[in-house]
Amino acid sequence: MSKGRPPSVIPPIVVVYRKREKGKAYMSVFENINVDSIINGRKKNSLIPDNYLIEEIGVGSCFIEDYKTSYDIKKIKEL
């Protein structure tokens with residue numbers, strides 16, 4: 001029997017963002033990353049550049065299909 005807290009499983013973070021205000025919407029999925037590290041603007045190497053506009057952030061894999069249909073996204077983009 002192991003001691004301590006069991007390792008937690010972090011659900012995927014789904015982010016929908018735009019490069020410009022009226023531009024095309026893109027989607028990225030991050031694994032094993034906290035939401036705070038994506039939102040934090042004071043990080044030196046942020047996961048999403050500061051000049052991008054974040055439309056929505058969802059925690060869990062169920063948001064992938066929801067955001068694909070609502071924002072008409074064809075594929076997931078890697079940053």
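Modeller: Before we start, one definition: a helix here is a DSSP run of H or I with at least four residues, a strand is a run of E with at least two, and both are numbered from the N terminus. Keep in mind that this is a predicted model.

Biologist: Fine. What is the order of the strands in the open sheet?

Modeller: The sheet is open and holds three strands, paired antiparallel. β2 (25-30) and β3 (53-59) stand at the edges with a single partner strand each, so one side of each has no neighbour in the sheet. From one strand to the next the twist averages 20°. Reading across, the order is β2-β1-β3.

Biologist: How many bridges join β1 to β2?

Modeller: These two strands run antiparallel. Y17 stands opposite Y26 of β2. As for the bridges joining β1 to β2, the number is six.

Biologist: At about what angle does helix α2 run to β3?

Modeller: Helix α2 covers residues 62-71. The helix lies across β1, β2 and β3. Its angle to β3 is about 145°.

Biologist: Let's go to R18. Is R18 buried or exposed?

Modeller: R18 sits in strand β1, which spans residues 13-18. Its relative accessible area is 17%, and the cut-off for burial is under 20%. Because 17% falls under that cut-off, R18 is buried.

Biologist: Which backbone oxygen does the side chain of R18 reach?

Modeller: Leaving out residues up to four places away in sequence, R18 touches G23, K24, A25, Y52, L53, E55 and Y71. One of these, L53, is 35 residues away in sequence, yet the C-alpha atoms of R18 and L53 are 5.1 Å apart. The R18 side chain comes to 2.4 Å from a backbone oxygen, and that oxygen belongs to G23.

Biologist: And which residue forms a salt bridge with R18?

Modeller: The closest N and O atoms of this salt bridge are 3.1 Å apart. The partner lies in strand β3 and R18 in strand β1, so the pair ties together parts that are 37 residues apart in sequence. At 34% relative accessibility, the partner counts as partly exposed. That residue is E55.

Biologist: How many salt bridges does the count come to?

Modeller: One is the pair of R18 and E55. K74 and D72 form another, with closest N and O atoms 3.1 Å apart. K74 and D72 are both exposed. The count comes to two.

Biologist: What is the relative accessibility of D72?

Modeller: D72 is in the segment after α2. It has a positive phi of about 55° although it isn't a glycine. D72 counts as exposed, and its relative accessibility is 53%.

Biologist: Where does N32 lie?

Modeller: N32 isn't a glycine, but its phi is positive, near 55°. It is exposed, with a relative accessible area of 62%. As for location, N32 lies in the loop between β2 and α1.

Biologist: Now the rings. Which kind of aromatic pair do Y67 and Y71 form, stacked or edge-to-face?

Modeller: A search of the whole structure turns up four aromatic pairs. In the pair of Y67 and Y71, the ring centres are 6.3 Å apart and the planes are at 70°. Planes over 60 degrees apart take the pair out of the stacked class, so Y67 and Y71 count as edge-to-face.

Biologist: Why are Y67 and Y71 separated by about one helical turn?

Modeller: Y67 is buried, at 6% relative accessible area. The separation arises because Y67 and Y71 both belong to helix α2 and are four residues apart.

Biologist: Which residues form one aromatic cluster?

Modeller: Two members already came up, as Y17 stands opposite Y26 in β2. The whole cluster is Y17, Y26 and Y52.

Biologist: Last ones, the serines. Which backbone oxygen does the side chain of S28 reach?

Modeller: S28 is in strand β2. It is buried, with a relative accessible area of 1%. At 2.8 Å, its side chain reaches the backbone oxygen of K77.

Biologist: And which backbone oxygen does the side chain of S46 reach?

Modeller: S46 is in the loop between α1 (35-39) and β3. At 23% relative accessibility, S46 counts as partly exposed. Its side chain comes to 3.0 Å from the backbone oxygen of I48.

Notes: Residues are numbered from 1 along each chain as its sequence is written. This is a predicted model: local features need pLDDT of at least 70, side-chain atom pairs count only at pLDDT 80 or more; totals for chains, interfaces and linings use all residues. Side-chain values use heavy atoms; hydrogens and water are left out. Buried means under 20% relative accessible area, exposed over 50%, partly exposed in between (1.4 Å probe, protein chains only). Contact means heavy atoms within 4.5 Å. A polar contact is a pair of N or O atoms within 3.5 Å; within protein, one must be able to donate a hydrogen and the other to accept it, and residues adjacent in sequence count only if both atoms are side-chain atoms. Two strands pair if DSSP finds at least two bridges between them. Axes are lines fitted to C-alpha atoms, for helices over the stretch in contact, and angles run from 0 to 180 degrees between N-to-C directions. A salt bridge is a side-chain nitrogen of Lys or Arg within 4 Å of a carboxyl oxygen of Asp or Glu. Rings of Phe, Tyr and Trp (its six-membered ring) pair if their centres lie within 6.5 Å; planes under 30 degrees apart count as stacked, over 60 as edge-to-face and the rest as tilted.
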